[in-house]
Structure formats: C-alpha cells, structure tokens
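I opened a fresh notebook page today and wanted a walk through one structure, from strands to charges to empty space. Here is what I had on the screen.

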Amino acid sequence: IPVFRLFILNSDETIHYEASSDLVSANMSISYQSGQRRTMNCTLKNENNYWSYGSQAPLWVGTKFRLDTGVMIDNVLYWQPQGVFMLSSAAPSISDSNRSVALTLCNKWGIWDGTVFGTTQLKTIIPTQVPMKQVFSDVVHEDNGLGEMWDCQPIVFNSMYGDTLTYYTIKQEAGNPKSQYMLDMATTISSDLYYDTCGRLNVESNTLDFVNNNFPVVWRFNEEEMDCGSPSLNYERSDYYNMITTKGAIVNGKQFLGVMSNTNRKSLYNIYDTPLSPKLNNNTKLYSDNLCLEQSMYEMTQQSRGL
C-alpha cells in the first residue's frame, strides 16, 4: 500500500510542519539529465486559509518542501525520500465547494538556474589551478546575504576527481544564472550535476554510470526454454561504431586524446569480426588524456553493444 507525506522545511532543512493531512494530490516528473531532474506539482486543502499569503504558513517563493513515499510490508512502514523541493509559484483557488492552493515546485537546482534564485550580481571569475571540489563547495555554501548558506547540505563529489584542479579561468558576466558556469566546470571533468533524493548536490561522472558490466543480470535468455512466444533475433548492422576517438583541448602544442576500441570478441560489433567503423568527437573542455578516454568509453557503451 503506497503512502505519502509532505513536510514544510526550515531554511536549514529541518522539519517545520507536516502538511500531509492537507495534501489533496501530487505528481512528480523525473528526467535523468544534468541540472533540474525533479519537479513536482501538488494541491493543498486551504479550507481555513492556512495556506494563503500573509498567514502563519511559510508560503513564499523559495519555501522548501520534502516529499516522502512509503510502502507497508508485513505491517511495517518503510519510507523513502523523493527529494527536497522549492516553491516557484502558488495559485489559490476559491469556489463555493472548494478552497485550495496549487503549488509548482522544482528541486534545489532552482537555486542556481534562475527558477527561484541563481542570478549572479557581480562578474564571476574562477582562476585556474584551484581544487575543483573546493570551488563547488564554496559556491554551494556561499552566504546568501541573510547570514545563511545558499545550500546547507554537503556536496557529494566524485572521488575520481577529488584532486582535480580547474584547467582554465572560468568567467561569467553579471546577470547570468550561476548554473551556467557550474555546468561548464562539470563538463571539464565529464560529470553531471544533479540533486539526489536527500537534497544534496551530486557531481558524478557521466561516463561510467552506464557501463554494461555494472548492471546485474536479471534474465538470461535460453533458446531451448519456451517461456516466451515468437522469439526472434535481429542484428543491426547500421549506425554502430566500434572505434571512438575523442580529441580534447590543446595545451602547449599538445592535444589531449583518448581512443576506445571494441575488442570484445563476444560482441557482434568488435573490431576483429566486423568492418572498422570509427567515430571522432571533439570536446575542447576536456583537459587530460584520461578524461578523453572516459568520454570515448561512454560513447562506446552507447554505440557498440556487448562492450
């Protein structure tokens, strides 16, 4: 039996008030991309005007909410957080039979992309040779002008790049969303930026997440077992690549380079048993051979099955 609970949070993300009893409906959208991954719309009962502007309810742009989903198994209720959200707009509705308020929420990426906050007031300059992890941490934990941090949660930074330094000076003019230079920095280390279900900013590699070997086997097909009807097998011989080269930035006359070939003899598209089909990528934001190789590996998992 699925159940839900909705909390209004304080600025430090401790619980201020549980609004589950007023929750009429909610829907959440998830897209696995760098940046804004989760958005939610919900409707709250407002029979006593508790959720009206100017009341004691903390309902203003930027108010934080937390949604949990739960499931009852053998009389034990298990809860799973679904994210920390921020109010971007509210629309009250009043009729003879209904008094409610509809809320539009984004996850905490709205702090940076201009949905709620996030526009730089001064020109931003991040120098070269600064620890990347420290830069992200400083941005997230910067004072918002009210004596509080923009985001009070610790970041989750990929340990692969813990010692990585900024490769070039990053500049951004005033009036632009902070998300722009944050995404630019993440691109230089082949990483995605997103908020997890606990409300923490993650800087995570986007090249190794979907390597086939990382996934468990959930079903092994056996042609001798007739558990499925009308089995068929199709070999796609077009639009595949079995050698991918990624060219990165050029520094002091040296161009960073990474080449990945499909050498798996069990793969239908390996370089030994099928014609060579190369692909060339150019990404001037990659500043090491290793990052170029990781990008080639990622492309290979998308373009050459069985790697």
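My entries follow, one topic at a time.

**Entry 1: the model**

I noted at the top of the page that this is a predicted model.

**Entry 2: a small set of strands**

I began with the strands and asked in what order β14, β13 and β15 sit in their sheet. I read the order as β14-β13-β15, in an open sheet of three strands with mixed pairing. I then looked for the edges and found β14, residues 254–261, and β15, residues 278–282, each of them pairing on one side only. From one strand to the next I get an average twist of 20 degrees.

I followed one of the pairings further. Strand β13 covers residues 243–251 and runs parallel to β15, with five bridges between them. For a landmark on screen, I picked M243, which sits opposite P278 of β15.

**Entry 3: charged pairs**

Next I turned to charges, with the usual reminder to myself that side chains of opposite charge can pair when their charged atoms come close. How many salt bridges does a search of the whole structure find? I got twelve, and I wrote up three of them.

My first stop was E13 with K108, where the closest N and O atoms lie 2.6 Å apart. This pair ties together distant parts of the chain, 95 residues apart. I placed E13 in the loop between β1 (2–9) and β2 (15–18), and K108 in the loop between β7 (99–107) and β8 (124–126).

I then asked whether E13 is buried or exposed. E13 has a relative accessible area of 11%, so I count it as buried, the cut-off being under 20%. K108 is buried too, because its relative accessibility is 0%.

My second stop was D184 with K285, whose side chains form a salt bridge at 3.0 Å from N to O. Here again distant parts of the chain are linked: D184 belongs to helix α2 (residues 178–188), K285 to the loop between β15 and α3 (289–303), and 101 residues separate them. I logged D184 as partly exposed, at 29% relative accessible area, and K285 as partly exposed, at 30%.

My third stop was K279 with E299, a salt bridge with 3.3 Å between the closest N and O atoms. I was pleased to meet β15 again, since K279 lies in that strand while E299 lies in helix α3, 20 residues apart. E299 counts as buried at 16% relative accessibility, whereas K279, at 23%, counts as partly exposed.

I also checked for shared partners. E13, K64, K108 and D151 are joined into one network by salt bridges that share partners.

**Entry 4: the largest pocket**

I moved on to empty space, which shows up on rolling a probe the size of a water molecule over the atoms. The largest pocket holds about 420 Å³ of space. Which of its 18 lining residues are the closest to the centre? I listed S11, G62, K64, N144 and E148. Sorted by class, I have ten nonpolar, six polar and two charged residues in this lining. K64 is a name I had already written down, as a member of the salt-bridge network.

**Entry 5: the second largest pocket**

The second largest pocket has a volume of about 300 Å³. I found 17 residues lining it, with T124, V139, E142, K178 and Y181 the closest to its centre. The elements giving two or more residues to this lining are β8, α1 (132–140) and α2. I asked which of the elements gives the most, and the answer is α1, with four residues. The class count for this lining is eight nonpolar, six polar and three charged.

While there I took a look along α2. I marked K178, S179, Y181, M182, M185, A186 and T188 as buried in that helix. Just after α2, I noticed that S190 has a positive phi of about 50 degrees.

**Entry 6: closed cavities**

Last, I searched for cavities of 30 Å³ or more and got two. I looked into the second largest cavity, which has a volume of about 30 Å³. Its lining consists of R38, G83, V84, N107, Y195, D196 and G199. By class I split these into two nonpolar, three polar and two charged residues.

Definitions and conventions. Residues are numbered from 1 along each chain as its sequence is written. This is a predicted model: local features need pLDDT of at least 70, side-chain atom pairs count only at pLDDT 80 or more; totals for chains, interfaces and linings use all residues. Side-chain values use heavy atoms; hydrogens and water are left out. Two strands pair if DSSP finds at least two bridges between them. Axes are lines fitted to C-alpha atoms, for helices over the stretch in contact, and angles run from 0 to 180 degrees between N-to-C directions. A salt bridge is a side-chain nitrogen of Lys or Arg within 4 Å of a carboxyl oxygen of Asp or Glu. Buried means under 20% relative accessible area, exposed over 50%, partly exposed in between (1.4 Å probe, protein chains only). On a 1 Å grid over the protein atoms alone, a cavity is a set of points where a 1.4 Å probe fits but cannot get out, and a pocket is an open set with protein on both sides within 12 Å along at least five of seven lines; lining residues have an atom within 4 Å of a point. Grid points are joined across faces, edges and corners, and a volume is the space filled by probe spheres set on the points. Ala, Val, Leu, Ile, Met, Phe, Trp, Tyr, Cys and Pro count as nonpolar, Asp, Glu, Lys and Arg as charged, and the others, Gly among them, as polar.
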